[in-house]
Amino acid sequence: MADIKLTYFNGRGRAETARLVLAYAGAKYEDERITGEQLAALKSTLAYGQLPKLEFKGEALYQSVSIARFLAREFGIAGSSNLERAQSDEVVDAITDIQNAIYGAFFEKDEAIKEEKMKKVTGETIPSSLANLEKNLVKRGGQFFVGDSFTWAELHLLQLVDILVGMKNEKAMEATPKLANLMARTKEIPNIKQYLEDRPASEF
């Protein structure tokens, strides 16, 4: 039995950053992918009634960003000082804000409201937020979000780019060439490249 088990749906969604961290580290883990019906049966056993769930050496952790942050710390890509850890967390939070805006629009049930929300997200939120991330990247040297150190912030952005591709909005990166270059370099990291080639295909 693996010391690490990650439980989520058969999609990238909220668990993908954790999977990318595990892939980067070359860690062996059980990637449990369940259906909505299986979640209904599990719901009462989950601390907050939702996924993802990480089981790590007998302990359970919940909340997607907390899980990914823990794994990043465990495998040495969370930053090497309190300041670097705060800088990587800052970027992760900014990326999560974009992702939450996308999900909030995409899962809107009222079609008219959804159309308006999607228009705002694609026309305003995504471009302005990526521009801010680009400025931050340049301010810190242009290579990585935390100076000359690769951190989980790069992997969190990579899973956001996957979402943009799924939305047919990958051109959003054209206005941020430094971010685009960073993502191209991240995708060429051997363990990440292998993971991206091997992972199950999914819309989100």
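Trainee: Which residue stands opposite Glu55 in strand 4?
Mentor: This is a predicted model, in which local features need pLDDT of at least 70 and side-chain atom pairs count only at pLDDT 80 or more, while totals for chains, interfaces and linings use all residues. Residues are numbered from 1 along each chain as its sequence is written, and side-chain values use heavy atoms, with hydrogens and water left out. Strand 3 and strand 4 (residues 59–62) pair in the antiparallel sense over 4 bridges, where pairing requires that DSSP finds at least two bridges and strands are DSSP runs of E with at least two residues, numbered, like helices (H or I, at least four), from the N terminus. Within this pair, the residue opposite Glu55 is Ala60.

Trainee: Is Ala68 of helix 3 buried or exposed?
Mentor: Ala68 lies in helix 3 (residues 64–74), and beyond its neighbours within four places in sequence it is in contact (heavy atoms within 4.5 Å) with Thr17, Ala18, Val21 and Trp152. Buried means under 20% relative accessible area, exposed over 50% and partly exposed in between, with a 1.4 Å probe and protein chains only. Because its relative accessibility is 1%, Ala68 counts as buried.

Trainee: How far apart are the axes of helix 4 and helix 5?
Mentor: Axes are lines fitted to C-alpha atoms, for helices over the stretch in contact, and angles run from 0 to 180 degrees between N-to-C directions. Helix 4 (residues 82–106) and helix 5 (residues 111–139) pack at an angle of about 170°, and the distance between their axes is 9 Å.
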